[in-house]
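Please open the model in your viewer and keep the selection tool at hand. This tour proceeds by stops, and each stop begins with something to select.

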Amino acid sequence: MERIKPKPTLGVPYESCRAYNLSWSPKCKRDKARAAAWRQLEDPAGRRALFQSEWCAVVDEVPAKLDHIARYWDLAATEKTEFNDPDWTVGIKLGRDRNGGYWLFDMVRQRANPGDIERLLLDTAMQDGKRVRIGFGQDPGQAGKSQAQHLVRTLSGFTVEPARETGDKLTRFGPFSSQCRAGNVKIRQGCWNEELFRVLEGFPDLAHDDEVDACSGALEMLSPPMQSYAAYELMRRQAEEVLAAQQRKPQGARPDPARGSVEWQDLQKSRNESS
């Protein structure tokens with residue numbers, strides 16, 4: 001059965017979509033499996049432990065109803081010329097269902113000047129709809145704050161959440177890598193799959209890892225707040241430890257004084273008063 005050609009994704013050349021369709025032929029699948037086996041032999045140290053495409057199921061459709069959907073942008077604003085090799089502007093659209101599973105809808109990537117990047121963000125937001133929250137990394141300093149305010153005004157009418165990215169790339173990518181390893185991330189089939197897998201599997205050795213930052217940011221937007229829950233969980237465990245220690249503490253034998261003794265009379269008196 002011939003695979004239907006997917007519609008070109010905004011910012012992705014149609015030629016890459018054609019190449020993607022050809023890449024799903026049986027012969028190419030065998031070649032990819034053989035290449036993956038060779039990569040495993042050539043990489044005994046496990047550098048590919050951060051991500052492997054085999055961890056994520058590629059699906060034809062995603063659920064119609066998801067609790068939360070967000071698109072996170074890793075921004076760059078330099079056009080490609082014959083004299084440079086700039087970063088990409090990448091937008092990852094990710095959803096989370098009520099069971100805690102994640103669904104990667106779409107990836108948009110482009111190299112362009114600041115004006116075209118703003119138009120790309122606005123056009124993509126209009127295609128996604130107002131239900132999808134929009135996030136992007138905010139650079140530290142006044143310049144980053146000014147850029148964030150400008151983009152929020154540009155995306156007026158949508159829910160926009162600038163975020164200050166803290167920590168190194170490896171640390172931030174850890175939660176997304178863990179979800180993929182556990183099989184909790186499913187990826188919708190599209191012409192952008194191969195490029196996404198190439199970058200995620202090559203991280204951190206590639207020159208450009210914009211897809212990595214976009215995936216990390218999207219997962220952070222969808223992750224439930226854990227600060228108050230973590231404090232509650234810590235207090236609960238401490239209370240359980242104190243209770244268990246009290247139960248393990250040996251209890252003294254109950255007094256059993258001789259009948260008619262002074263101690264027996266005091267015990268009977270205290271029982272009568274308590275009743």
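The stops below go from the whole chain to single residues and their neighbours.

**The whole chain**

Begin with everything displayed, and bear in mind that this is a predicted model. The protein has 275 residues, of which 36% are buried. Its secondary structure comprises nine helices and seven strands. Among the contacts with a separation of 6 or more, 69% join residues that are 24 or more positions apart.

**Confidence**

Next, colour the chain by pLDDT. The average for the protein is 80, and 75% of the residues score at least 70. Select residues 1-25: here the pLDDT is below 50, and the stretch has 41 contacts in the model beyond near neighbours in sequence. Then select residues 38-42, where the pLDDT is again below 50 and four such contacts are present. Where pLDDT is low, the predicted coordinates should not be read in detail.

**The largest nonpolar core**

Which residues touch the most other members of the largest nonpolar core? Select I92, L104, F176, I187, L196 and L200, which hold that place in a core of 31 residues. Now display the elements that each give two or more residues to this core: strands β2 (68-74), β3 (89-96), β4 (102-110) and β7 (185-188), together with helices α5, α6 and α7. Helix α7 supplies the largest share, with seven residues.

Keep L196 selected and show its surroundings. Apart from neighbours within four places in sequence, L196 is in contact with I92, L104, M107, I187, E211 and C215. Three of these partners, I92, L104 and I187, are also among the core members with the most contacts to other members.

For comparison, select V108, L121, L151 and V160. They are included in a second, separate core of 14 residues.

**Aromatic pairs**

Show the aromatic side chains next. How many aromatic pairs does the structure hold? There are four. Select F51 and W55, which form an edge-to-face pair with 6.3 Å from centre to centre and 70° between the planes. Both F51 and W55 are buried. Add F197 to the selection, and a cluster appears in which ring pairs link F51, W55 and F197.

Move on to F173 and F203. This pair is also edge-to-face, with centres 5.5 Å apart and planes at 70°. F173 belongs to helix α5 (residues 169-181), whereas F203 is in the loop between α6 (193-202) and α7 (210-222), so the pair ties together parts that are 30 residues apart in sequence. Both rings belong to buried residues, F173 and F203.

**The loop between α6 and α7**

Stay with F203 and look along the loop. P204 has its place in this loop, between α6 and α7. Is the peptide bond from F203 to P204 cis or trans? The bond is cis, with omega near 10°. As a general point, most peptide bonds are trans.

Now select D209, which lies in the loop between α6 and α7. Why does D209 count as buried? Its relative accessible area is 14%, and a residue is called buried when this value is under 20%. Leaving out residues up to four places away in sequence, D209 touches K169, V199 and F203.

**Charges over rings**

Select R109, a residue of strand β4. R109 counts as buried because its relative accessibility is 11%, under the 20% limit. Two partners of R109 deserve attention. Its charged end sits over the ring of W88, 3.6 Å from the ring centre. The side chain of R109 is also joined to that of E211 by a polar contact of 3.0 Å. E211 has appeared before, as one of the residues in contact with L196.

Then select K186 and W103. K186 lies over the face of W103, at 5.4 Å from the ring centre.

**A partly exposed residue**

Finish at A49, in the loop between α2 (26-42) and β1 (57-59). Is A49 buried or partly exposed? With a relative accessible area of 32%, A49 is partly exposed. Beyond its neighbours within four places in sequence, A49 is in contact with W55, S177 and R181. Add R181 to the view and display the C-alpha atoms. The C-alpha atoms of A49 and R181 are separated by 8.9 Å, while the two residues are 132 residues apart along the chain. W55, another contact of A49, is the residue already seen in the ring cluster with F51 and F197.

Notes. Residues numbered from 1 in each chain as written. Heavy atoms only, no water. pLDDT = per-residue confidence, 0-100. Contact = heavy atoms within 4.5 Å. Phe/Tyr/Trp six-rings, centres within 6.5 Å; stacked < 30°, edge-to-face > 60°. Buried < 20%, exposed > 50% of the residue type's maximum accessible area, 1.4 Å probe, protein only. Helix = DSSP H or I, 4+ residues; strand = E, 2+ residues; numbered from the N terminus. Lys NZ or Arg CZ within 6 Å of the ring centre and 35° of its normal. Core = buried A, V, L, I, M, F, W, Y, C linked by side-chain atoms within 4.5 Å. Polar contact = N/O pair within 3.5 Å; in protein donor to acceptor, adjacent residues only side chain to side chain.
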